[in-house]
Amino acid sequence: MTNHSSSEYPTRGSAFFQPPTQLQKWGDTQILPHVNWGDLFFDLFYVAGAYNLATILKYDISWTGIFYFFATFGPVFSNFWLAKMNFDARFGIPDDVVHRCFEMLQLCALATAVLHIRPVKELSYPADYPETFLFCLANVFGIGHSILHYAEIRFVWVNGEEAAKRMAGRDVLRHSVKAIL
């Protein structure tokens with residue numbers, strides 16, 4: 001098993017900011033990442049999200065309710081969970097001030113999105129209930145977080161292969177298109 005420690009990719013920076021590191025190169029034996037308390041806390045938001053999604057179906061078991069269920073599940077899944085899992089599987093985030101604050105902003109956006117998953121009656125009338133706008137705004141912040149993460153890899157980060165930078169450039173473009181749509 002190849003371990004990409006600080007000896008292979010020298011750490012540069014300070015306690016305030018350090019660039020992320022590439023976890024493994026193409027063709028290496030796969031490394032299982034260490035689960036930390038922050039990741040477990042992140043997953044707890046999905047328990048709250050599942051509860052709020054269930055309330056949609058509880059109060060409106062119809063095609064409209066099913067549509068709203070998937071319309072709220074999809075963005076939270078792709079903009080937060082899938083984006084974080086894809087990034088964390090490829091790159092190691094250093095334990096510095098900038099990245100911890102950035103992670104807290106992501107958790108706040110996720111919490112806002114999960115908090116504003118409401119029943120169909122409230123989501124259907126955004127003029128009367130601001131929850132729909134706040135849900136959408138939180139998802140835009142989630143997409144923006146992903147764009148900034150990959151832009152950091154593409155333009156700031158220097159520890160790793162050029163292939164990682166090219167992939168990060170494609171992900172910046174992909175998330176930007178998603179934000180526009």
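Here a trainee and a mentor talk through a predicted model of one protein.

Trainee: Let's start with the overall layout. What pattern does the protein follow, read along the sequence?

Mentor: Begin by counting the pieces: the secondary structure comes to six helices and two strands. Put in order along the sequence, they give the pattern β-α-α-β-α-α-α-α.

Trainee: What share of the residues count as buried?

Mentor: A residue is called buried when its relative accessible area is under 20%. The protein has 181 residues, and the share that meets this cut-off is 38%.

Trainee: Which residues have the most contacts inside the largest nonpolar core?

Mentor: That core has 19 residues. Helix 1, helix 2, helix 3, helix 4 (120-123) and helix 5 (131-156) each give two or more residues to it. Phe80 can serve as an example: its contacts beyond four places in sequence include Phe42, Tyr46, Ala109 and Ala138. The residues with the most contacts inside the core are Ile56, Val76, Phe80 and Leu110.

Trainee: How many residues does the second core have?

Mentor: This one is separate from the largest core, and Tyr150, Met167, Ala168 and Val172 are among its members. Its size is 12 residues.

Trainee: Now for the rings. Why is the pair of Phe73 and Phe77 described as stacked?

Mentor: A ring pair is described by the distance of the centres and the angle of the planes. Both residues lie in helix 2 (residues 63-90), four residues apart, which is about one turn of the helix. Their ring centres are 5.6 Å apart. Planes under 30 degrees apart count as stacked, and here the angle is 20 degrees.

Trainee: And what kind of pair do Phe67 and Tyr68 make?

Mentor: The search of the whole structure finds six aromatic pairs, and Phe67 with Tyr68 is one of the pairs with an angle to check. Their centres are 5.7 Å apart and their planes stand at 85 degrees. Since planes over 60 degrees apart fall in that class, the pair is edge-to-face.

Trainee: Is Phe67 buried or exposed?

Mentor: Compare it with its helix 2 counterparts one by one. Phe73 has 36% relative accessibility and counts as partly exposed, and Phe77 is also partly exposed, at 33%. Phe67 has a relative accessibility of 55%, and the cut-off for the next class is over 50%, so Phe67 counts as exposed.

Trainee: Let's turn to Asp96. Which side chain of opposite charge is nearest to Asp96?

Mentor: Asp96 sits in the loop between strand 2 (91-92) and helix 3 (97-115). Asp96 is buried yet has no salt bridge; a salt bridge would need the charged atoms within 4 Å. At 6.5 Å away, the nearest side chain of opposite charge is Arg100.

Trainee: Then which residue joins its side chain to Asp96 in a polar contact of 2.8 Å?

Mentor: The partner has its place in helix 3 and counts as buried because its relative accessibility is 4%. Leaving aside neighbours within four places in sequence, this partner is in contact with residues including Phe17, Pro20 and Glu152. The residue is His99.

Trainee: One last question. What distance separates the C-alpha atoms of Leu23 and Phe91?

Mentor: Leu23 lies in the loop between strand 1 (21-22) and helix 1 (37-59), and it counts as partly exposed at 26% relative accessibility. Along the chain, Leu23 and Phe91 are 68 residues apart. In space, their C-alpha atoms are separated by 5.1 Å.

Definitions and conventions
Residues numbered from 1 in each chain as written. Predicted model: local features only at pLDDT ≥ 70, side-chain atom pairs only at ≥ 80, totals over all residues. Heavy atoms only, no water. Buried < 20%, exposed > 50% of the residue type's maximum accessible area, 1.4 Å probe, protein only. Lys, Arg positive; Asp, Glu negative; His and termini not counted. Polar contact = N/O pair within 3.5 Å; in protein donor to acceptor, adjacent residues only side chain to side chain. Phe/Tyr/Trp six-rings, centres within 6.5 Å; stacked < 30°, edge-to-face > 60°. Contact = heavy atoms within 4.5 Å. Core = buried A, V, L, I, M, F, W, Y, C linked by side-chain atoms within 4.5 Å.
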